[in-house]
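This report looks at how a protein meets a strand of DNA and at how the domains within one of its chains meet each other.

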There are 2 protein chains.
Amino acid sequence: MFSQAEENYLKALVQLIHFRDQGNEVGTNELALYLNVKPATANDMLKKLREKSLVSYVKYGKISLTVEGQKAGMDVVRKHRLWETFLVEKLDFAWDEVHEVAEQLEHIKSKKLVNSLDDFLQNPKFDPHGDAIPDREGRILIPYQRLLSEVSIGKSGKVVSVKDNSNSFLQYADKIGVRIGGMIEVAGRESYDGQTTLRVENKDHTVSDKFCMNIHVVCPTCKLGKDCSKNDCSF
Amino acid sequence: MFSQAEENYLKALVQLIHFRDQGNEVGTNELALYLNVKPATANDMLKKLREKSLVSYVKYGKISLTVEGQKAGMDVVRKHRLWETFLVEKLDFAWDEVHEVAEQLEHIKSKKLVNSLDDFLQNPKFDPHGDAIPDREGRILIPYQRLLSEVSIGKSGKVVSVKDNSNSFLQYADKIGVRIGGMIEVAGRESYDGQTTLRVENKDHTVSDKFCMNIHVVCPTCKLGKDCSKNDCSF
DNA sequence: ATTTTTTGTTAGGTCTACCTAACTTTATTA
DNA sequence: TAATAAAGTTAGGTAGACCTAACAAAAAAT
Ligand SMILES: [Mn+2]
Ligand SMILES: [Mn+2]
Ligand SMILES: [Mn+2]
Ligand SMILES: [Mn+2]
């Protein structure tokens, strides 16, 4: 079994290496920044994880996960997302209240618990933020999605996930009616600074480019599948 | 907030001081034994808890909990028992499978989580082992109960709790049909060594005195109330 | 009332997960 | 290419929660 700290590093590495659009090269400093620790601390832990064959890296080089390390990290992500789903679906938490608690729950050690919970929730494929939940083997479903900031004017998308999980972002999103599964139309975009007019539930809101870069949408007709252009895709 | 270790000590003290039939004087050695640590370790922690005004004790004296310490310990017990109930009621765990996992879950820090869970379970008063679940203020319902070993021959009792939570005990209890809420009749008892014949679900089983001393029963007609003899009590 | 046993304390040490400060390597820029 | 900046490493240190070994106090037994 892994310690809580080890699990946090493995999860962070999965997120930095595999769950990012670009730049999947990860170094000590970036990892440390992500985990709110000092580079020296991250360096210590990397040596320990290397000893245990969970990461592979050489001094001054970039970090990667071994098969075993990736599996372990995925498992933490799986637990995190299942617990978030539980909190929202069963205990009526709001989507901006679950992350902190899930950070704790993700470290509970019991195979039976995780799998029972998965069944109890009817094997959900996505968490309350629209992020894919890895299955028992660490596999995830990847919907073909794009950032709202990349959707052309006049087109609509269905919200599948948000990148920012901060309270301020989630509450702002809530306020203007943006939620997982909801539709958004890009009514206009200012070329000067990317200010975008969104039509949500028949109301218009002018939001920043930054905001749009944190929302993933899919074509409402072909949510899954890699090459969207070959279908009757609305994008 | 308290650390996981601190919480474990506070819970142990509540259990040793308040949840025991007799002998509620507790010392360093006993506490250490209960928690599977060495006396020196328990001593260190007691000093720390005294600093924080959670226990009150003097060198070489007996340990007691302050109001604040008792409140904190009760809260851990509450969480432990709520999670055990959740595991059995919602995730179909058996009553001998829940303790270990609850030992982990009891340390999750979120008032909202505990109270939501309590509501989700419809504010249960007893856990799967028949132990009372403290409410938000740390109050518990105490059924008038006696040990099965003290029930007279010919009388029946309804099982409300078991003292031993070990796998071997629970599985043995299961095997002969003893479960919370079930009825047991004391059909006979050998005065030589206390060997007792129990009638459970119309079958007779001869069990040891030791076994009987780990089962709490109440009169089926007056489960609650302090002075059983004033009612139409079957005992 | 001693002796012996049990119980409790102290001193000093380990291991984990952090830290700061100083240093080295690699990358960037002039 | 040489200077500078950024990234990564090492050494040494702290705090929490545990340990062993030696010792002191209290309780029990003779
Ligand atoms: Mn989260
Ligand atoms: Mn999430
Ligand atoms: Mn338990
Ligand atoms: Mn219990």
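## Surface near DNA strand C

In this predicted model, 23 residues surround DNA strand C, and those that come nearest are A:Ser3, A:Thr41, A:Lys48, B:Asn29 and B:Asn43. Of the atoms of DNA strand C that come within 4 Å of the protein, 73% belong to sugar and phosphate. By class, the surface near DNA strand C comprises 10 nonpolar, 7 polar and 6 charged residues. At least two residues of this surface come from each of helix 1 (4-18) and helix 3 (39-51) of chain A and helix 2 (28-35) and helix 3 (39-51) of chain B, and helix 3 of chain A gives the most, with 5 residues.

Chain B also places polar atoms beside phosphate oxygens of DNA strand C, as listed here.

| Residue | Polar atom in | Distance to a phosphate oxygen of DNA strand C |
|---|---|---|
| B:Thr28 | side chain | 3.0 Å |
| B:Lys59 | side chain | 3.1 Å |
| B:Tyr60 | backbone | 3.0 Å |

## Domains of chain A

Chain A is divided into domain 1 (1-138) and domain 2 (146-218), whose C-alpha centres lie 27 Å apart. Between them the two domains of chain A bury about 880 Å², of which 52% is on carbon and sulfur atoms. A:Trp95, A:Asp96 and A:His129 supply 65% of the area that domain 1 of chain A buries against domain 2 of chain A, more than any other three residues. The side of domain 1 of chain A that touches domain 2 of chain A consists of 2 nonpolar, 3 polar and 3 charged residues, yet the rule finds 0 salt bridges across this interface, while 2 residue pairs are in polar contact, both at pLDDT 80 or more.

Notes. Residues numbered from 1 in each chain as written. Chains lettered and ligands numbered in written order. Predicted model: local features only at pLDDT ≥ 70, side-chain atom pairs only at ≥ 80, totals over all residues. Heavy atoms only, no water. Domains from an automatic or database assignment. Buried area = accessible area lost by both parts, 1.4 Å probe. Salt bridge = Lys/Arg side-chain N within 4 Å of Asp/Glu carboxyl O. Polar contact = N/O pair within 3.5 Å; in protein donor to acceptor, adjacent residues only side chain to side chain. Nonpolar A, V, L, I, M, F, W, Y, C, P; charged D, E, K, R; others polar. Near = heavy atom within 4 Å. Helix = DSSP H or I, 4+ residues; strand = E, 2+ residues; numbered from the N terminus.
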